Amino acid sequence: MKDTYFENKIAVVTGAGGTLCSEIAIQLSLLGTKVYLIGRTEEKLVKTAEKIQALGGAPAVIHACDVTDQAAIEALAAIVDADGGCDFLVNGAGGNNVKAMPTITKYDPRELTGELPEGDRGLYDIDMDAFRSVLDINTMGTVIPTMAFAKQMIKKGGGSVINFASMNTYCPLTRCFAYAMSKAAVSNLTQSFAAYYAPAKVRINAIAPGFMVNERSKAYLGTVEDGLTKRGESVIGHTPMGRFGQAGDLIGCVKWLLDDRAAGFVTGITVPVDGGFLTLGGV
């Protein structure tokens, strides 16, 4: 018998132009869910919508906006509400900024005297505006959509939210100060919002992807097939499954967390999907 649970539901997926959330949006659409594709770059959202159309998925709606812009998200929420209201929210928008990252992994006295080698950047040389922007997109970019679309879930008698945490949630990687700080906050927020919204039957959980393949990761980690950078070798050496993750590796967990039949008593957790990365202590 065909499973129709996801049919005629409405999902809002932020970051839907990215590698991971575009695949999530596609797979939800193939299950019969109407998906609102949200992101800052319309061109990327169009590509996701075209893939959905080519595969014969349920209709997708493109809406380009900044998830940290409360007025823009509330305007979007009004559109979704008029369409029947949100059942599922995937808060996938987020990211890092190289300007918020030093190039060195530990303090060097030369960073205070301006004597670091050309091209090197210490903690005291990072762009604090970029630092704040990372915190904003990863934290407020989760808070604002959740508050907007949880209202609709409450009216509908329940719903499910998935946030995006990271391996940085558990232990910060070198150089990723703003990103790690914000992703730790996402996990904490997932717990506190889960407790708050539980009486309304709105479940809120998070996924913490391991090191996943995308164009940016290929640039600084390399690939197992074509050769790894030094940092990539460190990651793979710390990953028992011996590979980077693919977007499709997240789908089973996403479907489980969204489905009240399978995860109806699950809220406030962060699920690592990491190839075993967290099982190794490095010694």
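Helices α4 and α5 are roughly parallel to each other, since their axes cross at roughly 20 degrees and angles under 35 degrees count as roughly parallel. This arrangement belongs to a predicted model. Further topics of this briefing are an open sheet of 7 strands, the helices that pack on that sheet, and the salt bridges, of which the count comes to 9.

**Helices α4 and α5**

- Helix α4 covers residues 128-156 and helix α5 covers residues 177-197, and their axes come within 8 Å.
- The crossing of these two helices, α4 and α5, is right-handed.
- On the α4 side, the contact residues include F131, V134, L135, N138 and T139, and I154 also takes part.
- On the α5 side, the contact residues include F177, A178, Y179, L189, F193 and Y197.
- Sorted by class, the contact of α4 with α5 contains 16 nonpolar, 5 polar and 1 charged residues.

**Helices α3 and α4**

- Helix α4 also meets α3: the axes of the two come within 9 Å and cross at roughly 25 degrees.
- Because of this angle, α3 is roughly parallel to α4.
- The crossing in which α3 passes α4 is right-handed.
- From α3, the residues Q70, I73, L76, A77, V80 and D81 take part in the contact, and from α4 the residues I144, P145, A148, F149, Q152 and K155.
- The residues of the contact of α3 with α4 comprise 8 nonpolar, 2 polar and 2 charged.

**Helices α1 and α2**

- Helix α1 spans residues 19-30 and helix α2 spans residues 42-55; their axes come within 10 Å and cross at roughly 30 degrees.
- This crossing angle is why α1 is described as roughly parallel to α2.
- Where α1 passes α2, the crossing is right-handed.
- The α1 residues S22, A25, I26, S29 and L30 meet T48, K51, I52 and L55 of α2.
- In the contact of α1 with α2, 5 residues are nonpolar, 3 are polar and 1 is charged.

**The sheet**

- Strands of a sheet pair through backbone hydrogen bonds, either parallel or antiparallel.
- In this model, the open sheet of 7 strands has parallel pairing, and the order of its strands is β3-β2-β1-β4-β5-β6-β9.
- The edges are formed by β3 (60-64) and β9 (270-273); each has a single partner strand, so one side of each is left without a neighbour in the sheet.
- On average, neighbouring strands of this sheet are turned by 20 degrees against each other, direction ignored.
- Strand β4 (residues 88-91) runs parallel to strand β5 (residues 159-164), and 4 bridges join the two.
- One residue with a bridge partner in β5 is F88, whose partner is S160.

**Helices packed on the sheet**

- Helix α1 packs on the sheet and touches β1 (10-14), β2 (34-39), β4, β5 and β6 (202-209).
- The direction of α1 makes about 170 degrees with that of β1.
- Helix α3 (residues 70-82) also packs on the sheet, where it touches β1, β2 and β3.
- The direction of α3 makes about 170 degrees with that of β2.

**Salt bridges**

- The count of salt bridges comes to 9.
- In one salt bridge, the side chains of D3 and R261 meet at 2.9 Å, N to O.
- This pair links distant parts of the chain, as D3 lies in the segment before β1 and R261 lies in helix α9 (residues 260-263), 258 residues apart.

Key
Residues are numbered from 1 along each chain as its sequence is written. This is a predicted model: local features need pLDDT of at least 70, side-chain atom pairs count only at pLDDT 80 or more; totals for chains, interfaces and linings use all residues. Side-chain values use heavy atoms; hydrogens and water are left out. Axes are lines fitted to C-alpha atoms, for helices over the stretch in contact, and angles run from 0 to 180 degrees between N-to-C directions. Angles under 35 degrees count as roughly parallel, over 145 as roughly antiparallel, 65 to 115 as roughly perpendicular and the rest as oblique. A crossing is left-handed if the near helix is turned anticlockwise from the far one by less than a right angle, and right-handed if clockwise. Contact means heavy atoms within 4.5 Å. Ala, Val, Leu, Ile, Met, Phe, Trp, Tyr, Cys and Pro count as nonpolar, Asp, Glu, Lys and Arg as charged, and the others, Gly among them, as polar. Two strands pair if DSSP finds at least two bridges between them. A salt bridge is a side-chain nitrogen of Lys or Arg within 4 Å of a carboxyl oxygen of Asp or Glu.
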